Amino acid sequence: MSAPQDHNLPAYAISPLDGRYRNQLSTLASSVSEAGLVGYRLQVEAGWLLHLADTKHMDFVLNDATRKVLEGFAKSANQSAAYEHVKKLEQTTNHDVKAVEYYLAEQLKKAGAPPELLAHVHFGCTSEDINNISYALMMRDARDQVVIPVLQNLISVLRDMALRDADTPMLSHTHGQPASPTTLGKEFAVFVQRLQRQVKQWQNVSLQAKINGAVGAFNAHMVAYPECDWPKISQTFIEKWKLEFNPLTTQIENHDSVAEYFDALRRVNMVLMDLSKDVWAYISLNYLGQKPKEGEVGSSTMPHKVNPIDFENAEGNLGLAQALCDHLSTKLPVSRLQRDLSDSTVLRNTGTVLGYSLLAYNSLLKGLSKITVNKTNLAADLKDTPEVLSEAVQMTMRRYGVVNAYEILKQKTRGQNISLDDLHALIKESSLPDEAKNRLLTLTPESYVGLAAELTKTLKT
């Protein structure tokens with residue numbers, strides 16, 4: 001096959017995230033793309049030089065012009081205008097961080113920076129000093145500014161569904177078999193509470209960072225400026241970015257907090273994987289329906305079909321995200337001796353993990369927006385399974401001291417088709433007091449939902 005005329009066209013993207021699904025992930029691209037990473041690196045490089053200048057111990061000063069250049073770069077990671085220039089420099093350096101350093105030095109030189117200032121660009125830094133902070137900022141910003149708002153929207157949608165159907169009775173299925181009734185809303189409420197907890201834990205992961213030189217001991221710093229308190233200078237710089245300072249590292253930041261980040265994200269996605277499969281199952285049982293969209297096709301050969309593709313797409317993309325989360329969280333904290341480069345190519349997939357996750361969340365939102373509740377089918381299934389009341393009957397018999405209550409109900413109901421009349425006959429023949437008999441005789445599968453509705457209505461916003 002001949003090469004395409006424009007290899008940047010989405011149609012020729014190797015990853016579907018940058019091809020088929022590109023338009024759905026535009027909000028994420030600015031922070032986790034290659035251009036986004038270059039922007040964060042430039043932000044950190046400029047910020048470090050500003051920080052050194054403000055310590056008042058360095059052998060250089062900033063004039064108004066050079067300070068303005070540095071503050072402009074340090075203020076925002078959105079440096080799209082710088083990207084092409086940096087990548088052109090990288091063709092020569094064959095080193096991505098060095099290209100950023102050279103670009104910043106060029107911009108300062110244009111602003112009239114003296115040699116002593118230019119000599120302090122990237123001072124005391126290994127490339128990992130810039131990279132670990134850049135990735136930490138990238139991961140935090142993508143999480144807090146892009147992904148968490150979508151998850152909060154998803155939680156809100158699920159909460160609304162839970163409260164709307166808090167009183168809608170539904171047959172449960174444990175082991176795929178009819179079980180004690182619940183309400184549809186209560187089952188969605190379970191996912192709301194689980195998601196709230198896991199999202200909070202992910203959001204609370206504090207990302208660590210360091211800036212301490214080639215092997216983490218400020219070796220060159222102490223030779224060049226022995227009078228400086230370098231651990232303090234480093235700590236205050238890291239904390240300016242609202243990151244957690246890591247005082248003891250090798251050449252690389254240890255990535256333990258990065259592993260915590262992906263472990264927490266994996267748990268968020270695990271809950272949503274469970275949700276995707278459950279909603280799919282409820283659609284299969286015809287408890288939930290889907291609003292057909294004009295012009296859409298469910299099958300290339302069966303015209304009647306409205307497939308639950310949004311939940312299937314969510315499941316597939318969550319699976320991809322999970323696999324990557326597992327690899328990143330187990331690989332990144334392990335590095336040979338003081339440094340090996342195997343973490344570098346793995347970290348570049350941060351955007352891929354978040355991309356597949358975000359794609360799944362959007363699929364779930366789309367699918368949930370088309371859901372309808374088939375109350376007729378829910379009621380019919382409940383009416384057809386009076387045997388689920390056997391739990392209530394045997395528990396009531398236990399209360400009043402009936403020996404072998406479980407065995408009595410098991411013999412009458414297990415694997416058998418019984419009617420509500422059959423169950424009533426058993427109740428009437430029992431030795432239960434009249435008050436207990438009357439309570440059981442008024443019970444139906446539709447009303448046997450315990451505190452499902454009340455529990456659902458306790459959901460916190």
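In the predicted model, Asp64 lies in helix α3, a segment that covers residues 64–75. The residue has a relative accessible area of 72% and is therefore classed as exposed, since this value is over the 50% cut-off. With respect to the remainder of the chain, the C-alpha atom of Asp64 is separated by 82 Å from that of Pro386, a residue that stands 322 positions away along the chain.

Helix α7, which comprises the 38 residues 127–164, extends 54 Å from its first C-alpha to its last, a span close to the 56 Å expected at 1.5 Å a residue. The helix nevertheless bends by about 40° at Val147, and a proline, Pro149, follows within four residues of that position. In terms of solvent accessibility, α7 is mostly covered, with 28 of its 38 residues being buried.

Asn131 is one of the residues found in helix α7. Its relative accessibility is 8%, and because this falls under the 20% cut-off, Asn131 counts as buried. The side chain of Asn131 is joined to that of Arg41 by a polar contact of 2.8 Å. When residues up to four places away in sequence are not counted, Asn131 touches Arg41 and Val97, so that Arg41 appears both as a contact of Asn131 and as its partner in the side-chain polar contact. Asp64 in helix α3 and Asn131 in helix α7 thus fall into opposite accessibility classes, the former being exposed and the latter buried.

Technical notes. Residues numbered from 1 in each chain as written. Predicted model: local features only at pLDDT ≥ 70, side-chain atom pairs only at ≥ 80, totals over all residues. Heavy atoms only, no water. Helix = DSSP H or I, 4+ residues; strand = E, 2+ residues; numbered from the N terminus. Buried < 20%, exposed > 50% of the residue type's maximum accessible area, 1.4 Å probe, protein only. Expected span 1.5 Å × (residues − 1). Bend = angle between axes of the 7 residues up to and from the residue. Polar contact = N/O pair within 3.5 Å; in protein donor to acceptor, adjacent residues only side chain to side chain. Contact = heavy atoms within 4.5 Å.
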